[in-house]
Amino acid sequence: MKNLEATFQIVTPMFLGGADHQATTIRPSSIKGALRFWWRALNWSKHPNLQSLHKQEAQLFGAAASDNGGGGQGVFLMRVLPNKTPLQTTKEKIIHKDFSSQTAARYLGYGLMEAFNSKEKGTSAGQLTRDCINEGQSFVVELLFRKEIDESVKEALIAFGLLGGLGSRARKGMGSIALQTIRTGEENIWLAPKNNDEYRTEIKRVLNDCNVVKPAPYSAFHSETRVDWLLEESNPFTALNTYGTAMMMYRSWGNGGKVLGKESEKNFQNDHDWYREREKVPSNFHPRRIIFGLPHNYSKHEKDHVNPENYERRASPLFLHIHKIEDKYVGISILMKSDFLPTNEKIKAGTGKEPVDAKIEWDVLTDFLDGLVKETEKPRFPKKQLLWGKK
């Protein structure tokens with residue numbers, strides 16, 4: 001067998017675990033699932049149709065007996081090598097000190113931790129609701145190929161290690177990972193970018209063949225995908241908080257029009273009216289911000305829930321990845337335009353009304369990345385640079 005041995009660094013806390021939410025190990029199944037995602041994202045532009053892509057994916061990664069008319073084990077085996085010392089974790093119900101003072105970072109980790117102090121629940125801001133594997137540690141994954149090393153799998157491994165993450169809220173920057181090395185035998189065949197320029201160069205190399213004009217039915221790299229360098233900070237929690245602050249100010253109305261003690265941008269007046277004064281908006285209206293992901297709920301009451309008519313959820317097409325380069329933590333966004341909802345799918349906006357036609361506004365996301373803050377007329381992300389794709 002030929003092998004690839006990939007070493008990853010954990011950049012932000014990783015919320016993995018089974019049904020009990022106990023983060024004790026990194027399972028091969030989690031890695032393989034993520035690797036399949038990045039392989040599909042890279043290879044959409046290289047296949048004429050979904051059937052062809054799924055067939056090759058099954059050959060490489062394996063398939064259940066019912067898939068594609070038969071089963072198979074794939075061309076490689078995978079294992080996560082034991083760490084010399086056990087992975088360090090922060091347990092459920094413990095106040096995570098690095099999140100306790102970062103309100104906007106907690107916003108990105110909604111559901112993983114308490115957002116605010118609550119006398120009613122007896123909880124504190126930053127108190128975890130599930131375990132996490134702490135940042136700053138490493139793990140090693142070995143791929144054992146039955147014959148030759150498949151280059152498309154290796155490239156997916158690199159894309160995963162440059163742009164990806166593991167666990168809950170990975171699309172919001174939690175569980176970000178950074179690939180350090182790839183070895184085969186005793187030879188290093190890939191080393192992590194040492195500086196900003198090398199990172200940019202490697203992103204362009206990996207995505208070089210993906211710039212095909214072909215709309216995607218799922219999250220994939222193609223002519224409408226873009227990767228942006230948004231921000232740099234001195235630690236991963238500040239990077240999460242900076243991005244989270246920008247998102248909160250952009251998309252939230254706030255309490256009395258204030259977010260984090262400041263006047264919000266108030267970009268979505270009709271969305272606010274739909275929640276507070278529904279008679280002000282047309283009967284066929286649904287909130288514009290559904291493109292950030294569904295469900296899009298305004299309260300615990302069903303009358304304030306916004307969902308697809310026939311689907312439980314649609315994940316956000318906007319990803320955040322935190323990458324460590326030298327002594328800086330860089331915020332990278334990946335916007336993967338695709339068929340956000342199937343053709344003719346409708347939106348259920350509240351109860352007691354018929355579902356309405358879905359209006360998908362990609363400008364809501366591109367304005368977040370490219371726009372100016374209303375109050376200052378300055379860029380939301382002053383250090384933003386387009387790494388790949390087009391605006």
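**Notebook: helix α6, the cores and two sets of strands**

I began with helix α6 (residues 196–206) and found its buried residues to be Y199, R200, E202, I203 and V206. Buried here means under 20% relative accessible area, exposed over 50%, and partly exposed in between, with a 1.4 Å probe and protein chains only. Seen down the axis of α6, these buried residues fall within an arc of 165°, so they line one face of the helix. The arc is taken from the directions from the helix axis to the C-beta atoms. I recalled that an α-helix has 3.6 residues a turn, so residues three or four places apart point the same way. On the other side of α6, I noted D197 and T201 as exposed.

A note on what I am working with: this is a predicted model, where local features need pLDDT of at least 70 and side-chain atom pairs count only at pLDDT 80 or more, while totals for chains, interfaces and linings use all residues. Residues are numbered from 1 along each chain as its sequence is written, and side-chain values use heavy atoms, with hydrogens and water left out.

Next I looked up the cores, each a set of buried Ala, Val, Leu, Ile, Met, Phe, Trp, Tyr and Cys residues joined through side-chain atoms within 4.5 Å. The largest nonpolar core has 60 residues, and I26, F139, L163 and F221 have the most contacts inside it. I followed I26: leaving aside neighbours within four places in sequence, its contacts (heavy atoms within 4.5 Å) include I10, V80, I133 and F139. A second, separate core has 46 residues, among them F15, C132, L230 and F368.

Then came the strands, which are DSSP runs (E, at least two residues), as helices are (H or I, at least four), numbered from the N terminus. Two strands pair if DSSP finds at least two bridges between them. I traced an open sheet of five strands in the order β2-β5-β1-β6-β7, with antiparallel pairing. Its edge strands are β2 (76–81) and β7 (187–191), each pairing on one side only. Within this sheet, β1 (residues 2–10) and β5 (residues 138–145) pair over eight bridges, and K2 stands opposite F145.

Which way do the side chains of β14 (residues 346–349) point? I347 and A349 point to one face and are buried, while K346 and K348 point to the other and are not. β14 pairs antiparallel with β11 (residues 306–308) over three bridges, and with β15 (residues 356–357) over two. I found I347 in both pairings: as the bridge partner of P308, and with V356 as its partner in β15.
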